[in-house]
Amino acid sequence: MTQKIISLAIILTFVFLSCSDLRKKMDESQLIEAKIDSILVLMTLEEKIGQLQQLQIKKNMHDSVCDLVRQGKVGSFLNPGNLETRNRLQKIAIGESRLGIPLIFGRDVIHGYRTVFPIPLGQAASWNPELVRKAARIAAMEASSEGIDWTFAPMIDISRDPRWGRVAEGCGEDPYLTGIYAKAMVHGFQGNDLKDPSAIASCGKHFAGYGDAEGGKDYNTTLIPESELRNIYLPPFKALVGAGGQTIMSAFNDLNGIPASGNEFTLRRILRNEWNFDGFVISDWDAIIEMIMHGFCKDGSEAALKAIKAGVDMEMVSTSYMNNLAGLVNNGELNTGLIDDAVKNILRVKYRLGLFDRPIAEVPCENVILTADNLELARRLATESCVLLKNSNQVLPVKEPVNRIAIIGPLADAPREQLGAWSPDGRPEESQTPLAAFQALKDNRKYLYAPGLQSSRDKSTRGFAEALKVAGSSQIIFLFLGEEAILSGENHSRAFLNLPGAQEQLIDLLASTGKPLVGIILAGRPLILSDIEDKLDAILYAWHPGTMAGPAIADLLLGKSVPSGKLTISFPRAEGQIPVYYNHRNTGRPPSEVHQGMIPGDPVNPVGHAAFYLDLDYRPMYPFGYGLSYTTFEYSGLKLSADTISMDDTLRVEITVKNSGLYEAFETTQLYIRDLYASLTRPVRELKGFQKFGLEPGESRKVVFRLTAADLAFYNYKGELLVESGDFRVFVGKSSADVLEAGFYLK
Ligand code: BGC
């Protein structure tokens, strides 16, 4: 019966369309709109509201859920659990509900599905959007094979605060780079054709400003001036919309006093009106009813009203829409037009995804999970994500005659931990640990193992004696340190960012042996390394590298691959230095070389007034864009094509990069600009381009960038996009702090 009504409506639409010339002119999107309209006229208010509800599937799925589906009171589920449950519900939706509208099933497929890739912050450090796109494609293929239609990713919140546990999920502190990754991930998840069974809809989250949580406490207040919102926090979302991202998640945070899930300014004015977003907006989990707690709404009814007015189309988990929208319409407080718009936005995405034509998910003929190709890509991305922070005396890679290696530390063999936060489908038994990878090598080296500590938070020194023994009979120590997966991610902010447990003591103990000591750090955020940096001869920052952590790290330490990762978030020297980020403003009293901090407790007599701390170097521990290689790169011959350009010109920026060392390796050349004076003060550096390429020893390459006026534009405090004439500096180099520079004038 249900299918018949819809089919009849669609047939009538087609009859009408084929009778007119319009049909010819109609492209696919117009056809979809016509289909949506033909369904909308058939829908009761209750059915419309049903489309706006997303529910969670609990383990013991109750009959009540099936009844809700039957009655057309649910539009979506998150976390279907498995293909059978998903299809069972879908069959009820298409076969037993009055209109047979398919459900859409979402899940957090954040950095892989069964094949787990590095955490997004690690992926970003690869500076390789093409690899990141491929990883998202694999994640989509794996997830869709188990009935997932939609992922709540990418997370593209800019954050400057590593205390915030969710820095792990994003791409770091730069808006331009995050925008590039947003686009890459949308293309990966959604593929070339949304209708393809392996495509899943993406969801840009969390809109907006969530990453600026005060003090790095998750869910905390954010106060962001409009210019900063538009220049720093919104560009990745704009890029995602431009790339065809189908959904957006409204965030938990209070943004300038208006919670993000009731924020008409960001959701309606910017997202819909300025960017013409035509997909749908889903609230974050309970974010609508949390507006009561925020003190923005008195009850669920007001929360529902404010959210729908602001432009939230679908409600995740909480049921304020289900419980209140009909009442609000009936008492005249809410115009049904707003509900219709929300339904249309949701149906549009369901159509685009092909859910009406192919509602039942099928297992692909060929296995797509954890294939050799998937694992190979995971290994490559993990390799390119690792950042070499220090390498004294070229202790790495390990060279002959070193053939007795101690593998120590709580993260050397922690298959679950290396997967990182937000990897619900990753399985420890499928992840390859560093210890396992070394032991699987059939080389002539001896690998001796002692964990030293049971976990990263272990405070007991019981395992130290064994660790010391193993270290004593080795020629070099690989010490696997860091944070367990659970210490980062949502709701896992930390006030102290040192290595937890007794790890620092373990470093002290092993450093006392005098053997070369290599720290491999697996973590979900930048940790504070000031107290341990000089005790380690080399530091490889591996983030949480995922399923293939072991083989990737072994390749790097043994020199089968060369590190090429570079940081996309600045590393602070101490918690008290946070926020520290490269694209800060200059201030009227910028610090200089002399402001490198004094010994704590020294008499207070600063060398000149400046924005700095008496007791700390003003610079970050490691700057944005930083990362070493086993080889060396020399930069020379920075040339600009002109001293002065006009608004329509393109400036050509050229530099020569030479591999002056002994290893074939990848380098990422970065281009930054600075607008020296403007009607709104501008950052001291802004990334505007980068190129990653390989060079053999001795080989040189001319790297060319092009800048136009659009690259120099910024939003002023009124929200206007401006390009102002004046003097600019261009910086090109290895990191935000290691550059050659030149200047030009824009007229
Ligand atoms: C998180 C979202 C996530 C959602 C669904 C929320 O708690 O903030 O990022 O997508 O849960 O799991």
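Arg272 is buried in this predicted model, because its relative accessibility of 14% falls under the 20% limit for that class. Arg272 belongs to helix α12, which spans residues 264-274. Its side chain forms a polar contact of 2.7 Å with the side chain of Asp313. Asp313 also appears in the list of residues that Arg272 contacts beyond four places in sequence, together with Leu267, Phe277, Asp278, Gly279, Phe280, Val281 and Asn345.

**Other buried positions**

Ser431 sits in the loop that runs between β12 and α18 (434-440). With 10% relative accessibility, Ser431 is classed as buried. A polar atom of the Ser431 side chain is 2.8 Å from the backbone oxygen of Pro415. Once residues up to four places away in sequence are set aside, the contacts of Ser431 are Pro415, Gln418, Leu419 and Thr547.

Ala437 is part of helix α18. The relative accessible area of Ala437 is 12%, so this residue counts as buried. Ala437 touches Gly550, Pro551 and Ala554, residues up to four places away in sequence not being counted. A further pair is formed by Ala437 and Ile553: these two are 116 residues apart along the chain, and their C-alpha atoms are separated by 8.6 Å.

Ile110 is placed in the loop between β3 (104-107) and α7 (120-124). Its relative accessible area is 5%, so Ile110 is buried. Beyond its neighbours within four places in sequence, Ile110 is in contact with Pro120, Phe152, Ala153, Glu169, Lys205 and Trp422. The C-alpha atom of Ile110 is separated by 29 Å from that of Gly694, with the two positions 584 residues apart along the chain.

**Ligand surroundings**

Which residues come nearest to the ligand? Of the 13 residues around it, these are Asp108, Arg166, His206, Asp284 and Glu490. By class, the shell consists of seven nonpolar residues, one polar residue and five charged residues. Polar side-chain atoms approach oxygen atoms of the ligand at the distances listed below.

| Residue | Distance from a side-chain polar atom to a ligand oxygen atom |
|---|---|
| Lys205 | 2.8 Å |
| Asp284 | 2.6 Å |
| Glu490 | 2.8 Å |

On its own the ligand has 310 Å² of accessible area, and the protein covers 93% of this. Lys205, which has a side-chain N or O atom 2.8 Å from a ligand oxygen, is also among the contacts of the buried residue Ile110. Asp284 and Glu490 appear both among the residues that come nearest to the ligand and in the table, at 2.6 Å for Asp284 and 2.8 Å for Glu490.

**Backbone geometry**

Most peptide bonds are trans, and most residues other than glycine have a negative phi. The positions below depart from one or the other pattern.

The peptide bond between Phe207 and Ala208 is cis, with omega about 0 degrees. Ala208 is located in the loop between β5 (203-207) and α10 (226-233). A cis peptide bond also joins Ile578 and Pro579, again with omega about 0 degrees. Pro579 lies in the loop between α21 (549-557) and β17 (633-640).

Where are the residues with positive phi, Tyr219 and Asn393? Tyr219 occupies the loop between β5 and α10, the loop that also holds Ala208. Phi of Tyr219 is near 70 degrees. Tyr219 is partly exposed, because its relative accessibility is 32% and that class lies between 20% and 50%. Asn393 is in the loop between β11 (387-391) and β12 (404-408), and its phi is about 50 degrees. The relative accessible area of Asn393 is 75%, so this residue is exposed.

**Domain arrangement**

The chain is divided into domain 1, covering 372-557, and domain 2, covering 633-746. Their centres, taken over C-alpha atoms, are separated by 35 Å.

How values were computed
Residues are numbered from 1 along each chain as its sequence is written. This is a predicted model: local features need pLDDT of at least 70, side-chain atom pairs count only at pLDDT 80 or more; totals for chains, interfaces and linings use all residues. Side-chain values use heavy atoms; hydrogens and water are left out. A residue is near a molecule or strand if one of its heavy atoms lies within 4 Å of it. A polar contact is a pair of N or O atoms within 3.5 Å; within protein, one must be able to donate a hydrogen and the other to accept it, and residues adjacent in sequence count only if both atoms are side-chain atoms. Accessible areas come from the Shrake-Rupley method with a 1.4 Å probe; for residues, only the protein chains shown count as cover. Ala, Val, Leu, Ile, Met, Phe, Trp, Tyr, Cys and Pro count as nonpolar, Asp, Glu, Lys and Arg as charged, and the others, Gly among them, as polar. Domain bounds come from an automatic or database domain assignment. Helices (H or I, at least four residues) and strands (E, at least two) are DSSP runs, numbered from the N terminus. Buried means under 20% relative accessible area, exposed over 50%, partly exposed in between (1.4 Å probe, protein chains only). Contact means heavy atoms within 4.5 Å.
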